[in-house]
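I opened my notebook for this one and went through the fold piece by piece. Here is what I looked up, in the order I looked.

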Amino acid sequence: MSHRAGNTGPRTLAFVESPVQLLNVLEWAHAHADTLGAGLTLVVLSPIDPMSRGQLRRMAELARDDGHEVRWEEARGGAAAPFQTIGGLAGLLRRADRIVLGDPFSRYVQLLLTITKARDLVVVDDGTATMEFVAQLARGERLVRWHRKGGRPGPRDLVFAPVSSAARKRLTPSAHRRVEIFSSMPMEETPDGVTVTANTFAWTRDRFGPPRITKGADMVGTSLVETGVVDGDRYLEAVSSLAKAHGATRYFAHRRESAEKLHRLAVETGLEVVRPDLPLELIARRGPIGRTILSFPSTVVHTLPLALSGTEVRVAVCDIDPAWLTENASPRAQGFLSGVTGTARDVHRLSAVTAV
């Protein structure tokens, strides 16, 4: 269904910085097709890493196929790029009636929120971070990513604090502002006045599949090593043990996993490392995919059961052993990761594997 500009109704402007955010904007637009109005302008604030850029290019094609306007911004292409990007978007921001965003923790997005006067704000999933965002908003806390929570604010955090505070106020419902959270994540605390709409991945199921299912198992990678939460050696040992125990043959890499780690993983485990060209929800739905999908605590333990609803694929999640955490891991890390696993629906829970 096309939503090209020219129809009556609100003007919607969406900002995304990752392929998953773009996917969830498309899911939101599909769920709100009757009220989308004058169409959706989707602004990609392009990251630097090649894998994310490649997936975003593919997702942008799907968005255009659905009739949405896509604007690609080289938002990190040099020191002057942020100023040029924000300056070029100022007019669109002021005219927009509704803003859709995927990462309320993003400093880029927080800066953009200080410009807009939109009465409707929508937050779509940016993975498990959405769970932490909702909890922090409900408690009136400053916005801090879960893997950094508990640490002391750095100089840049202190300088940016007024902008972050202003963004949090913009994301708080008022008599003049409506806030919606469109999510597939479980919400233990819901901020007063916020509308929560369930993301069921209906667009994904309509566009792709059902997949061909193979007899083996596939593994899903995580960036917990890259974010400094889990020790690299312990992670590779756990992957090796899990693959042997369940007969996994493929490892779907997270877009943020380093090339060095993936090379070592392939050599030491014998797994075929696959670098997906689309978010895993679409890859799995398109198939072929293993009858069992093995994962550590991450977004996919919540999203894959929805995307694969109606199939015979089983999602199994392996707990993170506290011994795997690095010395620099946030004090919040273990509890948050346990919560990600414990709140997942329609998954089989595995205890932490023993290192070989």
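The entries below cover the sheets, the helix packing, an aromatic pair and some backbone details.

**Entry 1: what I am looking at**

I am working with a predicted model, and I keep that in mind throughout.

**Entry 2: the sheet of 7 strands**

I began with the open sheet whose strand order reads E3-E2-E1-E4-E5-E6-E7, and I noted that its pairing is parallel. Which strands sit at the edges? I found E3 (69–73) and E7 (195–198) there, each with pairing on one side only. On average, neighbouring strands in this sheet are turned by 20° against each other, direction ignored.

I then zoomed in on one pairing. E4 (residues 98–101) and E5 (residues 120–124) run parallel and are joined by 4 bridges. Following Leu101 across, I arrived at Val123 in E5 as its bridge partner.

**Entry 3: helices on that sheet**

Next I asked which strands H1 touches. H1 packs on the sheet and touches E1 (12–16), E2 (40–45), E4, E5 and E6 (178–183). The direction of H1 makes about 155° with that of E1.

H3 (residues 81–95) packs on the sheet too, and I listed E1, E2, E3 and E4 as the strands it touches. For H3 I noted an angle of about 155° with the direction of E3.

**Entry 4: H1 against H2**

I stayed with H1 and turned to its helix neighbour. H1 (residues 19–31) and H2 (residues 50–65) pack at an angle of about 15°, and their axes are 9 Å apart. Roughly parallel is therefore the right description for H1 relative to H2. I recorded the crossing of H1 and H2 as left-handed.

Who makes the contact? From H1 I listed Pro19, Leu22, Leu23 and Leu26; from H2 I listed Ser52, Gln55, Leu56, Met59, Ala60, Leu62 and Ala63. Sorted by class, the contact of H1 with H2 has 9 nonpolar and 2 polar residues, with no charged ones.

**Entry 5: an aromatic pair**

I looked for aromatic pairs and found that the structure holds 4. One of them is Phe105 with Phe133, an edge-to-face pair at 6.3 Å centre to centre with 85° between the planes. Where do the two residues lie? Phe105 is in the loop between E4 and H4 (107–113), while Phe133 is in H5 (residues 129–139), so this pair ties together parts that are 28 residues apart in sequence.

**Entry 6: backbone details**

I checked the peptide bonds before proline. The bond from Gly209 to Pro210 is cis, with omega near 5°. I placed Pro210 in the loop between H7 (202–207) and E8 (213–220). Gly287 and Pro288 are also joined by a cis peptide bond, with omega at about 0°. Pro288 belongs to the loop between H10 (280–286) and E11 (289–295).

Phi gave me another note: Phe201 is not a glycine, yet its phi is positive, at about 60°. I located Phe201 in the loop between E7 and H7.

**Entry 7: the sheet of 6 strands**

I moved on to an open sheet with the order E10-E9-E8-E11-E12-E13, again with parallel pairing. Its edge strands are E10 (272–274) and E13 (348–350), each pairing on one side only. Here neighbouring strands are turned by 30° against each other on average, direction ignored.

At the E10 edge, I noted 3 bridges joining E9 (residues 248–252) to E10, and the two run parallel. Tyr251 stands opposite Val273 in E10. I also traced H11 (residues 300–307), which lies across E8, E11 and E12 (314–318) and runs at about 175° to E12.

**Entry 8: H8 against H9**

My last lookup was another helix pair. H8 (residues 232–246) and H9 (residues 259–269) have axes that come within 10 Å and cross at roughly 40°. That angle makes H8 oblique to H9. H8 passes H9 in a right-handed crossing.

Which residues make this contact? On H8 I found Asp233, Tyr235, Leu236, Val239 and Ser240, and on H9 I found Lys261, Arg264, Leu265, Glu268 and Thr269. By class, I logged 4 nonpolar, 2 polar and 4 charged residues for the contact of H8 with H9.

Notes:
Residues are numbered from 1 along each chain as its sequence is written. This is a predicted model: local features need pLDDT of at least 70, side-chain atom pairs count only at pLDDT 80 or more; totals for chains, interfaces and linings use all residues. Side-chain values use heavy atoms; hydrogens and water are left out. Axes are lines fitted to C-alpha atoms, for helices over the stretch in contact, and angles run from 0 to 180 degrees between N-to-C directions. Angles under 35 degrees count as roughly parallel, over 145 as roughly antiparallel, 65 to 115 as roughly perpendicular and the rest as oblique. A crossing is left-handed if the near helix is turned anticlockwise from the far one by less than a right angle, and right-handed if clockwise. Contact means heavy atoms within 4.5 Å. Ala, Val, Leu, Ile, Met, Phe, Trp, Tyr, Cys and Pro count as nonpolar, Asp, Glu, Lys and Arg as charged, and the others, Gly among them, as polar. Two strands pair if DSSP finds at least two bridges between them. Rings of Phe, Tyr and Trp (its six-membered ring) pair if their centres lie within 6.5 Å; planes under 30 degrees apart count as stacked, over 60 as edge-to-face and the rest as tilted.
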